[in-house]
Amino acid sequence: MTVYNNPFHSGHVYLRIGEHEADGIRPPQFEKLLAEYRRPLQAMVSSNDRGTVDLLVKSGFILKRRCFECSFSASDLLFPPEAEAKPLTETARGSRDYPECSKLMYAYYRDTHEPVNPVTASESEFRETLPASAVYTKAEGIVEAAAFIEGNEIAYVCSRALDRFSDFARSLLAYLFSRYETVSFEADDTDPAATMLRNMFSSANEASWDTYVKYP
């Protein structure tokens with residue numbers, strides 16, 4: 001078991017529990033770590049790793065989030081990829097609207113991570129980790145939804161109007177499938193925009209990872 005810190009979420013102490021390590025760990029070890037660090041403990045584990053999941057639950061950890069690893073082709077969509085698609089505007093780091101997109105992304109990321117592990121990175125620190133390319137839509141002159149992309153990967157999505165996000169998601173998928181055969185992204189069940197995106201596919205064979213937290 002490895003103990004480490006995440007500077008973007010420094011309020012928790014992170015644990016990496018390797019495959020087959022669970023049999024050698026006992027609940028009192030987590031209590032010692034809580035006493036030493038005086039911060040919540042956080043661990044991510046494959047949903048299929050029942051040994052580690054059982055250890056964490058028995059030790060007082062709480063399931064806080066499930067993350068789905070998604071990779072789909074257009075044939076997995078529940079609707080034609082071009083259906084009701086609207087043009088998206090492209091931007092890149094250094095372009096005029098990129099800072100507005102990144103500002104919305106930071107606010108959305110902060111809000112969706114608050115229930116699990118609050119963000120401790122500044123907006124400028126967060127912006128440096130974003131992909132250099134994004135696509136977005138505006139409403140009344142303000143960025144309403146954006147996606148940061150790297151090739152066929154959707155790294156992040158955000159929206160200030162979730163009731164209209166499905167329109168943006170359809171356009172985003174049409175945009176990407178016109179360029180690539182597959183699209184990949186991660187979808188946390190605590191992220192309503194990413195979940196809406198995931199629900200546009202038949203998703204029977206996804207891998208998933210669970211985040212558990214133990215509080216002092």
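Q: Before we start, what counts as buried here, and what as exposed?
A: Buried is under 20% relative accessible area, exposed is over 50%, and partly exposed sits in between. Keep in mind that this is a predicted model.

Q: OK, so where does Glu144 fall, buried or exposed?
A: Buried: its relative accessible area is 12%, and the cut-off is under 20%.

Q: Which residue does Glu144 pair up with in a salt bridge?
A: That's Arg164, with the closest N and O atoms 2.4 Å apart. The two sit in distant parts of the chain, 20 residues apart. Glu144 is in strand β7 (residues 142-150), while Arg164 is in the loop between β8 (153-159) and α5.

Q: And what about the accessibility of Arg164?
A: Arg164 is partly exposed, at 41% relative accessible area.

Q: How many salt bridges does the structure hold?
A: There are 11.

Q: What does Glu90 do on that front?
A: The side chain of Glu90 meets that of Arg179 in a salt bridge, 3.7 Å from N to O. Glu90 lies in strand β5 (residues 89-92) and Arg179 in the loop between α5 (165-177) and β9 (182-188), so this pair ties together parts 89 residues apart in sequence. Arg179 is partly exposed, with 46% relative accessibility.

Q: Switching to helix α2, which side chains meet in a salt bridge there?
A: Arg50 and Asp54, at 3.7 Å from N to O. Both are in α2 (residues 50-58), and they're four residues apart, about one turn of the helix.

Q: Where do those two stand on accessibility?
A: Arg50 is partly exposed at 46% relative accessible area, and Asp54 is partly exposed too, at 45%.

Q: Which residues form a network of salt bridges?
A: Arg96, Asp97 and Lys138 are linked that way.

Q: New topic: Arg65. Where is it?
A: Arg65 is in strand β4 (residues 62-73).

Q: What's the nearest side chain of opposite charge to Arg65?
A: Asp188, 4.0 Å away. Arg65 is buried yet has no salt bridge.

Q: So which residues is Arg65 in contact with, leaving aside neighbours within four places in sequence?
A: Asp188 is on the list, along with Asp189 and Asp210. You'll also find Gln42, Met44, His113, Val116, Thr190, Trp209 and Thr211 there.

Conventions. Residues numbered from 1 in each chain as written. Predicted model: local features only at pLDDT ≥ 70, side-chain atom pairs only at ≥ 80, totals over all residues. Heavy atoms only, no water. Buried < 20%, exposed > 50% of the residue type's maximum accessible area, 1.4 Å probe, protein only. Lys, Arg positive; Asp, Glu negative; His and termini not counted. Contact = heavy atoms within 4.5 Å.
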